[in-house]
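Colleague: Please take me carefully through the local surroundings of one residue of your choice, and then set that residue in the wider arrangement of helices and sheets. I would like the cut-offs behind each term as you go.

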Amino acid sequence: MSGRGLSETVTGGRGKVYCGFKGRGARGEKCAVALRGVALQVTCDNMADVSTALAVILLLLLVAALCSPWPPLPMDPRCCALLLPFATLFLLLLLARTWGSRRTGGASGKRACVLVLGDVGRSPRMQYHAASLARHGYSVSFVGYLAAPPVLRYPTKVVFQSLQLLWVLLRMEPLSHLLLQNPPGLPSIAISWLACALRGSRFVIDWHNYGYSILALSHGERHPIVRLAKRYEKFFGRLSGENLCVTNAMKDDLSRNWGIEATTLYDRPPALFREATPEQRHSLLVKMSKVHSPFRTSCDGSSDRDDVERTAFTERDPSTGLVTPVAGRPALLLSSTSWTEDEDFSVLLKALKAYEGFVKGGATLPSLVCVITGKGPQKEHYRRIIDSMNFTHVHICTPWLEAEDYPMLLGSADLGVCLHKSSSGLDLPMKVVDMFGCCLPVCAVHFACLDELVKHDENGLVFQDAEELAQQLRELLWKFPQTQGRLARFRKTLRESGQQRWDESWDQTVLPLLAGGGGTQQHLKEE
């Protein structure tokens with residue numbers, strides 16, 4: 001999740017959603033979250049017979065057991081098959097308990113569960129769903145991991161999470177709606193549908209991407225696991241009562257290839273993502289200068305007074321409190337990432353190397369401070385590469401940000417860079433949504449449906465490779481910080497665009513859907 005932060009308590013119905021997000025940097029940075037009291041539920045009008053789904057789930061459990069060296073069971077298939085009666089007994093006990101609670105209570109009209117089978121700190125969209133539900137009087141239960149899920153062999157993981165998730169869902173108070181993030185969808189789609197079928201809840205899937213396409217990044221599209229995951233996702237995805245998705249391209253693909261009708265709910269920035277004031281910018285830069293040397297002022301500051309509070313970018317006069325830019329200040333470039341395979345950061349590093357060459361060659365360009373926020377599996381790999389690069393005019397730092405600092409940093413930067421390439425070609429990078437909310441122009445790598453968000457040469461630029469990105473940096477930062485030129489024009493366009501915020505979009509699109517009246521399709525304004 002892009003280091004964004006939310007810190008509020010939202011009451012809803014008879015419960016509360018407690019949001020205390022901190023320590024998130026970019027899309028990969030986690031947050032400490034404690035949420036309780038909400039459950040979202042969705043109807044499954046086109047669901048299949050419960051016994052059929054139960055048989056399929058039990059078969060999946062058996063296959064997973066036969067494929068997994070799960071201690072203490074030995075690898076003897078006859079011994080592994082003992083899992084089947086135990087799983088059956090476990091399910092029957094839960095079914096008996098669930099049927100009893102359904103007869104005595106039934107589904108509550110305003111009790112919802114928001115479910116993420118992963119780290120909730122990396123799921124800002126679902127956090128916003130939970131807060132919006134609570135704002136409209138729902139009692140919301142936010143179910144997910146507070147950190148990365150345990151690392152297990154894949155078949156073992158499916159079995160473990162299936163039993164764990166079913167236990168959690170069937171022990172809850174009866175729900176009116178269950179809202180599930182996909183991906184990850186294995187085994188959460190099947191288990192969530194089963195829980196909704198047993199308890200009379202409405203089942204809603206929010207399609208952020210396709211899970212099988214993410215698996216294909218590491219295994220290849222022809223791998224048996226990838227092909228099985230696609231069939232699973234397609235079969236059980238059709239059992240949902242309602243569907244949301246993040247782009248019109250995904251909406252069309254779901255309808256054409258999967259037989260699933262969805263409503264597009266574009267990601268929108270919440271109100272805390274906005275352009276920073278000079279005072280806010282200076283306070284953040286002072287804070288960061290205490291930890292990161294690229295933010296510290298050089299010895300030849302623009303003022304000779306010792307009592308002036310300075311950073312590499314700004315200075316404040318203590319007598320007037322006036323914050324002004326430092327003459328000859330560097331440009332602040334920002335990128336956020338979860339350091340995963342769908343973002344190739346070698347593209348940015350190559351572009352920065354070329355930019356260094358432009359400056360050394362005499363181009364009228366500023367020095368550059370490049371901030372890359374986030375955590376993820378490839379971060380240390382790239383940090384070693386960064387440490388080996390001997391730049392003079394380009395400084396790179398990879399900070400860990402407090403939740404409240406991430407939107408402030410976006411609102412203080414001069415230019416954003418996005419290297420996200422959708423595994424399916426059908427989702428959009430939320431980091432760009434955040435940047436636009438802060439009126440920050442963006443250079444984004446091209447993929448199929450990016451034009452639903454980034455309008456080339458209107459609110460940003462789209463590039464294909466490192467060479468094109470380097471040329472865009474050169475053009476946008478030429479004679480920086482002039483108030484004319486393309487960079488200033490992009491920012492002016494964003495300021496005047498009247499961007500819709502999350503709360504307004506959610507109220508128009510999702511709220512009618514939950515009430516059974518269908519949603520209002522959201523479209524990006526044509527600039």
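Modeller: I start with His177, whose place is in strand β5 (residues 177-182); helices (H or I, at least four residues) and strands (E, at least two) are DSSP runs, numbered from the N terminus. This is a predicted model, in which local features need pLDDT of at least 70 and side-chain atom pairs count only at pLDDT 80 or more, while totals for chains, interfaces and linings use all residues. Residues are numbered from 1 along each chain as its sequence is written, and side-chain values use heavy atoms, with hydrogens and water left out.

His177 has a relative accessible area of 4% and is therefore buried, a word that stands for under 20% relative accessible area, with exposed meaning over 50% and partly exposed in between (1.4 Å probe, protein chains only). From C-alpha to C-alpha, His177 lies 4.7 Å from Ala112, although the two are 65 residues apart in sequence. For the protein as a whole, residues 24 or more positions apart account for 74% of the contacts with a separation of 6 or more, a contact being heavy atoms within 4.5 Å. Buried residues make up 55% of the 527 residues in the protein, which has 17 helices and 17 strands.

Next come the helices that follow β5 in the numbering. Helix α6 (residues 188-199) packs on helix α8 (residues 224-237) at an angle of about 20°, their axes being 9 Å apart; axes are lines fitted to C-alpha atoms, for helices over the stretch in contact, and angles run from 0 to 180 degrees between N-to-C directions. That makes α6 roughly parallel to α8, on a scale where angles under 35 degrees count as roughly parallel, over 145 as roughly antiparallel, 65 to 115 as roughly perpendicular and the rest as oblique. The crossing of α6 past α8 is left-handed, which is the case if the near helix is turned anticlockwise from the far one by less than a right angle, whereas clockwise gives right-handed. Ser188, Ile189 and Ala190 of α6 make this contact with Tyr232, Glu233, Phe236 and Gly237 of α8. By class, the contact of α6 with α8 has four nonpolar, two polar and one charged residues, where Ala, Val, Leu, Ile, Met, Phe, Trp, Tyr, Cys and Pro count as nonpolar, Asp, Glu, Lys and Arg as charged, and the others, Gly among them, as polar.

Helix α8 also meets α7: the axes of α7 and α8 come within 9 Å and cross at roughly 175°, and the two helices are therefore roughly antiparallel to each other. On the α7 side the contact is made by Gly211, Tyr212, Leu215, Ala216 and His219, and on the α8 side by Ile225, Val226, Ala229, Lys230 and Glu233. These residues divide into six nonpolar, two polar and two charged. In helix α7 (residues 211-219), the buried residues are Gly211, Tyr212, Ser213, Leu215 and Ala216; Gly220, with a positive phi near 90°, follows the helix.

Further along the chain there is an open sheet of six strands in the order β14-β13-β12-β15-β16-β17, with parallel pairing, and two strands pair if DSSP finds at least two bridges between them. β14 (394-397) and β17 stand at the edges with a single partner strand each, so one side of each is left without a neighbour in the sheet. From one strand to the next the twist averages 20°. Strand β13 (residues 368-373) pairs with β14 in the parallel sense over four bridges, and Cys370 has Ile396 in β14 as its bridge partner. Towards the other edge, strand β16 (residues 442-445) and β17 are likewise joined in the parallel sense over four bridges, with Leu461 in β17 as the bridge partner of Cys443. Both faces of β17 (residues 460-463) are covered, since Gly460 and Val462 on one side and Leu461 and Phe463 on the other are all buried.

Helix α14 (residues 430-437) has eight of its eight residues buried, so it is largely enclosed by the rest of the structure. Its buried residues pack against α4 (124-135), β12 (331-336), α13 (405-410), β15 (415-418), β16 and α16 (486-496). Cys439, whose phi is positive and near 60°, follows α14.
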